[in-house]
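Trainee: Got a minute to walk me through this one? I'd like the overall picture before we zoom in on anything.

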Amino acid sequence: MMRHIRVPTKSVESTLEILKKFGWLNRRMRIISSEAENFRLIPLDSNAPIHLPPELSSFEIIEDEGLLENRMNTDWLDYLLEQINESEFEEYRDYWPNSHEFIGDMMVVRIDEAISKFTEKIAIAKLKSHQHIRLILNDNGVKGEYRIRDLAPIGHRKGKNIHTKNLESKINTKVIVKESGQEIICDPTKAYFSTKLQTERLETLSLAKELKIILKRPISICDPFCGVGPALAPLLREENLVDSLLACDFNPNAVNFLFENLTKWDKRKYPNFPKGISKVYQDRIIGHADATKLAQDPELLGIWDLLILNIPHRALEFLPKLTPLLRKDSPTLIRGRIIVPESEILSTNKRLNKILPNKLYGFDKPSLKVKRDYSSSLRLCSFHAWLKISNQ
Ligand SMILES: C[S@@+](CC[C@H](N)C(=O)[O-])C[C@H]1O[C@@H](n2cnc3c(N)ncnc32)[C@H](O)[C@@H]1O
């Protein structure tokens with residue numbers, strides 16, 4: 001049981017103001033309706049005194065089990081509640097964007113249409129509650145072949161001030177993200193990048209190490225949809241894991257960042273603008289290319305041990321165009337991501353096994369592992385396939 005102060009609905013605002021001022025509001029619990037009509041129960045913090053000040057002393061104190069505020073990160077909501085009234089807050093309770101993604105010193109949120117009129121207020125509240133964040137962007141989804149997120153700046157901290165108007169042109173969205181001990185340079189408004197794939201990247205690393213053990217030598221890696229190169233960061237960090245590398249993307253901006261990143265990760269100089277794909281070093285084929293055409297170059301055929309296929313919307317379509325790049329004389333591995341309707345997971349597994357029939361002896365057939373919901377009917381899955389192509 002927990003102490004609640006029972007106040008008429010019309011006094012909720014003024015009571016909250018007083019409770020917040022003294023730190024007596026219990027933010028872990030929700031404001032709930034009272035059995036008495038037109039009254040609400042406001043949860044009191046344990047440090048609230050037994051005898052409340054005169055402004056509140058006329059209200060009754062009720063012991064109630066209360067309701068846990070488990071859906072909310074309450075810090076930013078305090079700042080939101082400074083700008084909107086309690087009834088607006090309650091009306092849109094299910095829409096406030098509690099989750100967010102940090103990309104360097106930027107924060108990405110998704111603001112539902114239903115609360116778009118509060119966008120500026122949300123930006124201010126989030127920036128006030130996250131003092132290390134410089135810029136907040138509203139995520140309108142991933143667009144086009146480059147899979148770039150449509151990110152609209154909605155709030156910007158400059159010195160001690162927060163700006164929410166006329167932001168578009170002047171703001172820097174190029175940031176450095178720290179991940180698994182590496183720094184990744186990216187600009188999510190210019191090239192695809194997601195911090196949410198970190199676990200995926202670490203799984204790829206552990207599979208790559210397994211392949212190295214099987215082959216008893218460093219491995220050659222082909223990442224033809226590499227973006228700014230985040231999957232390569234942990235692989236290149238691992239001593240003696242990577243032998244030769246092919247990395248390309250057909251978004252020139254992504255390749256620019258890739259060159260910058262490789263200069264750091266590979267500890268040697270890379271060009272600072274994307275031309276085509278070229279042998280930047282004897283063991284590094286890097287650049288701007290259409291991955292689906294790589295297999296037209298005979299020099300690239302049959303030489304890669306690990307193929308990374310991060311093109312979830314078109315994985316099945318592109319897979320047959322890329323398998324000729326894999327070695328035929330030793331075990332190989334494909335690591336991919338794919339988006340499929342929930343109802344088609346089984347049939348997609350069958351298709352996958354039809355495209356990749358040369359399973360490595362002693363290993364399981366490739367099969368999709370659901371990672372998360374992409375929409376109400378679509379699932380984002382990953383898979384890996386251990387192959388030995390020569391045994392066909
Ligand atoms: C989902 S993103 C993955 C990027 C990167 N692998 C990562 O994990 O951040 C897919 C990438 O494929 C690139 N892309 C799409 N079609 C391509 C093609 N035909 N050839 C090369 N790159 C392509 C896009 O520009 C985008 O950067």
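Mentor: Sure, and let's start with how charge is counted: Lys and Arg are taken as positive, Asp and Glu as negative, while His and the chain ends are left out. Also keep in mind that this is a predicted model.

Trainee: Okay, so how many positive and negative side chains does the chain have?

Mentor: There are 59 positive and 52 negative ones. The centres of those two sets sit 6 Å apart.

Trainee: And the fold, how many helices and strands are there?

Mentor: The chain has ten helices and 19 strands.

Trainee: What radius of gyration does the chain have, against a compact globule of 392 residues?

Mentor: The chain comes out at 27 Å, whereas a compact globule of 392 residues would be near 21 Å. Along the principal axes, its C-alpha trace spans about 85 × 45 × 35 Å.

Trainee: What share of the residues count as buried?

Mentor: Of the 392, 50% do. As for the surface, the chain exposes about 19800 Å², and carbon and sulfur atoms supply 50% of that area.

Trainee: What about contacts between residues at least 6 apart in sequence: what share of them join residues at least 24 apart?

Mentor: That share is 65%.

Trainee: Changing topic: where does Arg-3 sit?

Mentor: Arg-3 is in strand β1, which covers residues 2-8.

Trainee: Buried or exposed?

Mentor: Arg-3 counts as buried because its relative accessible area is 18%, and the cut-off for buried is under 20%.

Trainee: Which residues is Arg-3 in contact with, leaving aside its neighbours within four places in sequence?

Mentor: Among them are Ile-42, Pro-43, Leu-44, Pro-49, Ile-61 and Glu-63. With Pro-49 there's a polar detail too: a polar atom of the Arg-3 side chain lies 3.3 Å from the backbone oxygen of Pro-49.

Trainee: How far apart in space are Arg-3 and Glu-120?

Mentor: They're 35 Å apart, C-alpha to C-alpha, with their positions 117 residues apart in sequence.

Trainee: Now backbone angles. What is phi of Asn-38 near?

Mentor: Phi of Asn-38 is near 65°, a positive value in a residue other than glycine. Asn-38 lies in the loop between β2 (32-33) and β3 (39-43), and Asn-38 is exposed, with a relative accessible area of 56%.

Trainee: And Arg-147, where does that one lie?

Mentor: In the loop between β7 (135-143) and β8 (148-158). Arg-147 is also a non-glycine residue with positive phi, near 55°. At 24% relative accessibility, Arg-147 counts as partly exposed.

Methods. Residues are numbered from 1 along each chain as its sequence is written. This is a predicted model: local features need pLDDT of at least 70, side-chain atom pairs count only at pLDDT 80 or more; totals for chains, interfaces and linings use all residues. Side-chain values use heavy atoms; hydrogens and water are left out. Helices (H or I, at least four residues) and strands (E, at least two) are DSSP runs, numbered from the N terminus. The radius of gyration is taken over C-alpha atoms; the globule rule is 2.2 Å times the number of residues to the power 0.38. Buried means under 20% relative accessible area, exposed over 50%, partly exposed in between (1.4 Å probe, protein chains only). Contact means heavy atoms within 4.5 Å. Accessible areas come from the Shrake-Rupley method with a 1.4 Å probe; for residues, only the protein chains shown count as cover. The place of a charge is taken as NZ of Lys, CZ of Arg, CG of Asp or CD of Glu. A polar contact is a pair of N or O atoms within 3.5 Å; within protein, one must be able to donate a hydrogen and the other to accept it, and residues adjacent in sequence count only if both atoms are side-chain atoms.
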